[in-house]
Amino acid sequence: MTNVGGDSQLATVGGRVLKIVMIVVLVAWLLVEVYPVVFLFFTSLKTDAEILKEPFSIPRRPNLVNYFYVWFGGRAGQPFVIFVRNSFMVTSGTLLLLLAVASLAGYALARGHFPGSAVVQEAFLLSLAVPAHVLLIPVFFLMQAFGLSNNLSGMILMYTTMGLPFTVLLTRAYFLSFPVELEEAALIDGCSRLGTFWRVVVPVSRNAMMSMAIVNVSWVWSELFFALVLLNRMEARTLPLAVLAYQPQMMTGDVILGPQFAVMAITVMPLVVFYFLFQRQITKGMTMGAFR
Amino acid sequence: MDATTGVREEVPVRQGAGGPSLGRRVSKWWGRNGIWYLFLAPSVILLLTFMAYPLVNSLVLSLYKWNGLAPRKFVGLKNFERLVGDRFFWGATWHTLAFAFFVTLGTVGIGFLLAFAISRRVPGWRVFRVGYYLPVMLSLVVVGALWARIYEYNWGLLNTFLRAIGLDALALPWLADIRYALGAVIIVPIWQYAGFPMIIILAAIEGIPQDLHDAATIDGVNEWQRAWYLIVPLIRPVVISISMLQVISSLKVFDLVWVMTKGDPGNSSAVLGTFLYRQGFEMQKFGYASAVAVMMFAIVFTITYLYQRMVKIEAVEF
C-alpha cells in the first residue's frame, strides 16, 4: 500500500491523529452515500406496516409481496415485465445503433482527409452544446408525424442522436491513436475501406467499443425527459416512467408505499450489478477523454 | 451541419477544359472521398433529422402562438416580451442558476476533499472509492423518488432520525414548505454526484509525477504544504473543467425536480426544465414554451461553447 507521493508524514504523532480523524470522516461519509441505497433495497422487502413502524431496520421478515404486486400489474395495470422488456429493448437497441453509427463516423473523421471533414468535426462539437430541452417540443410533433410516438424505435433513434456527438468525438480520438499500419496492410491486400474497418479495425477495438457502451448505458437506461412526452401509452413505457406510475399520491390518499420501492429496486438493480462487475472499466471510462 | 451535401457541390465543373472528362473526374473524386461520406451519412442524417431540424423548428415556433391543434398564429417577439415580464420565468431562472451554483460547489468541493483523502491511501481507500461512486450509477428518477421518501414528513428517514435524537423542532416538511423545497432538492444531486468529480480529481492527483513528490519530500514539506503548494496548483485545470461540466449538466436539470416536487409548492422549486414542460405539455402553450427553450438554449450553448474553447477532447487512452 504505497502512498502516492511516498511521504512519511502520516507516521508522526500529529500525522496519526490527522489520519484517525480522516478515517472517521470518510467512514461517516461512506454511510451517508451507501445507506440510502441499502435502505432502498431493504424497504422493498417490507410491508407498509413495517415501513411506517421501523423505517431504519433490516427487514425482520423479508417478503416479496411488493414485487408480486407490481409483477402482476398492480397500479399500472400492466404486467411489470413489459416495462423491463421495453427498457431492455430501448437500451440495447440504442447502444447497438449508437456504436455502429458513431464508430463509422469517428473512423471517417480520424482517417479521412476529404473536403468538409473539418466542418463536420466542428458540427459534432457544436451539437454537443445543444440542450435536449430545445428539442423536446419539435421532436414530440415530429414523432407524431412519423407515426413514431409510443414506439420504441422512435426512442432508439432519439437516444442515438442524443448520444452521437459525444460518442463520435470519443471514437474519433480513439482511432487517432490507433496504429495505421494494420489497416494499410489490409488495404494493400485489396481489402476495401469498409472491409478493413469491419474485419481489421473493429475486432481489435473491442475494449474501446465496450467503453463507449459503458459511457452511455446509464443515461439511456434512466432517461426520463423524452420518455415522458413520447411514451404516453402504458404498454410502451420504460422503467423510469414505471417509477413515476407507482409514486404514492399523497393528495388523493393513495399512500401505498412498498410497491414503488420494488419498482425502484428493479430499475436500479441492473445498474448496480453492472457497476460491481465492471467497476474498474466504468471509473476509467468516465475519466477518459474530456479532461486532457 | 449540411457539410456532406454542401461539399459535393464543390466538385469543379469545368466543361470543355482539357484533361479527363467530367464524368471520369467526378468518379475519381468519388472513389477517393465518397466512402468517407458514406461512413458519415448515418450520423449526419440522424443529427439533421432529430437535432438540427427540431432546433430550427424551436426557434421558429417561439415566434408563434400555438396550442398544438389550431393553426399557429405569428406573434413576432411577443412571447419573449411576455417572458421578460413573467415572474415565474424569472423565478425558474434564478432557481436553475442557484441549483447549478450550489450543486457544482457541493459536488466539486466534496469530491476534491474525498479525492485528496483517498490519494493519501488511508486504510480502506479502495472501499471508499467504490462506495462513493455507487450513487453516481443510479437512475436520477429513482434517486429523486427515494429522497422524496427520505424527506417525507411523518415517517421519512430524516425526520425519524431527527426525532430519535430529540431534535423534533428540526423535523420539518422539507419538500412541502416553500422555504425549504429548493434547498432540499439541491442536497440530492450533491449526494448523488460527489463521487464523479472525486474520480476525476483522484485520477489527476495520481497523475502527478512521482519525482515532484520526491522533491517536495526532500524539501521537508508537511501535508498541508504538499496539498496547497504542490497538488492544488497542478490539478487546477482539471478542477476548473470538471466544475464547468457540472455547471452545464446541472443547468439542464429536469428529472430530479420533476420527480421530487414538480416545481411545487407554489413554484418555489421550479427550474427552467420543469417550467418549460408545464407551459408546453400541461398548458398547451407550445409557442411560449419554445421561447423558454430558446432562452435555455442560449444560456447552455454559450457556456458549453466557452468550455469547449478551453478543453479539447483529444488523445484518449483505454
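Two residues count as in contact here if their C-beta atoms, placed from the backbone, lie within 7 Å. With that cut-off, and keeping in mind that this is a predicted model, take the contacts in chain A with a separation of 6 or more: 72% of them link residues 24 or more positions apart. Chain B gives 71% for its own contacts of that kind.

**The two chains**

Chain A is helical, with 14 helices and zero strands. Its pattern along the sequence is simply α-α-α-α-α-α-α-α-α-α-α-α-α-α. Chain B also has 14 helices, but it comes with two strands. The radius of gyration of chain B is 26 Å, well over the 20 Å that the globule rule gives, so this chain is more spread out than a compact globule. For chain A the radius of gyration is 24 Å, where a compact globule of 292 residues would have one near 19 Å.

Here are the basic numbers for each chain.

| Chain | Residues | Buried | C-alpha box along the principal axes |
|---|---|---|---|
| A | 292 residues | 43% | roughly 75 × 70 × 35 Å |
| B | 318 residues | 42% | roughly 90 × 65 × 30 Å |

How is chain B divided? It has domain 1 at 3–61 and domain 2 at 87–310. Taken over C-alpha atoms, the centres of these two domains of chain B are 43 Å apart.

**Where the chains meet**

The contact between the chains draws 94 residues from chain A and 90 residues from chain B. On the chain B side, helix H2 (residues 22–61) gives the most, with 16 residues. Sorted by class, that side of chain B has 59 nonpolar, 20 polar and eleven charged residues.

**The nonpolar core**

In soluble globular proteins, nonpolar side chains tend to be buried together. In this model, the largest nonpolar core has 161 residues, and the members that touch the most others are Met264(A), Ile201(B), Val292(B) and Ala293(B). What does Val292(B) touch? Leaving aside residues up to four places away in sequence, its contacts are Leu83(B), Phe89(B), Leu272(B), Phe275(B), Leu276(B) and Gln279(B).

**Two helices of chain B**

Ile201(B), one of those core residues, also appears among the buried residues of H9(B). This helix, at residues 195–206 of chain B, has twelve residues; at 1.5 Å a residue they should span 16 Å, and the end C-alpha atoms are indeed 16 Å apart. H9(B) is mostly covered, with ten of its twelve residues buried. The buried set starts with Gly195(B), Phe196(B), Pro197(B) and Met198(B), carries on through Ile199(B), Ile200(B), Ile201(B) and Leu202(B), and is completed by Ala204(B) and Ile205(B).

What do the buried residues of H9(B) pack against? From chain A there is helix H14 (279–287), and from chain B there are helix H4 (87–119), helix H5 (125–137), helix H8 (181–193) and helix H11 (223–251).

H5(B) is worth its own look. Its 13 residues should span 18 Å at 1.5 Å a residue, and the end C-alpha atoms are 19 Å apart, which agrees. The buried residues of H5(B) are Phe128(B), Gly131(B), Tyr132(B), Tyr133(B), Pro135(B), Val136(B) and Met137(B).

**Backbone oddities in the loops**

Most residues other than glycine have a negative phi, and most peptide bonds are trans. A few spots in chain B are worth checking with that in mind.

Arg121(B) is not a glycine, yet it has a positive phi of about 55 degrees. It sits in the loop between H4 and H5 of chain B. Is Arg121(B) buried or partly exposed? It counts as partly exposed because it has 16 C-beta neighbours inside 10 Å, and a residue needs 20 or more to be buried.

Lys262(B) also has a positive phi of about 55 degrees without being a glycine. The loop between H12 and H13 of chain B is where Lys262(B) is found. With 15 C-beta neighbours inside 10 Å, Lys262(B) counts as partly exposed.

Where is Pro265(B)? This proline lies in the loop between helix H12 (255–260) and helix H13 (272–282) of chain B. A cis peptide bond joins Asp264(B) to Pro265(B), with omega at about -10 degrees.

Definitions and conventions:
Residues are numbered from 1 along each chain as its sequence is written. Chains are lettered from A and ligands numbered from 1 in the order in which they are written. This is a predicted model: local features need pLDDT of at least 70, side-chain atom pairs count only at pLDDT 80 or more; totals for chains, interfaces and linings use all residues. Helices (H or I, at least four residues) and strands (E, at least two) are DSSP runs, numbered from the N terminus. The radius of gyration is taken over C-alpha atoms; the globule rule is 2.2 Å times the number of residues to the power 0.38. Domain bounds come from an automatic or database domain assignment. A nonpolar core is a set of buried Ala, Val, Leu, Ile, Met, Phe, Trp, Tyr and Cys residues joined through C-beta atoms within 7 Å. Ala, Val, Leu, Ile, Met, Phe, Trp, Tyr, Cys and Pro count as nonpolar, Asp, Glu, Lys and Arg as charged, and the others, Gly among them, as polar. The expected span of a helix is 1.5 Å times one less than its number of residues.
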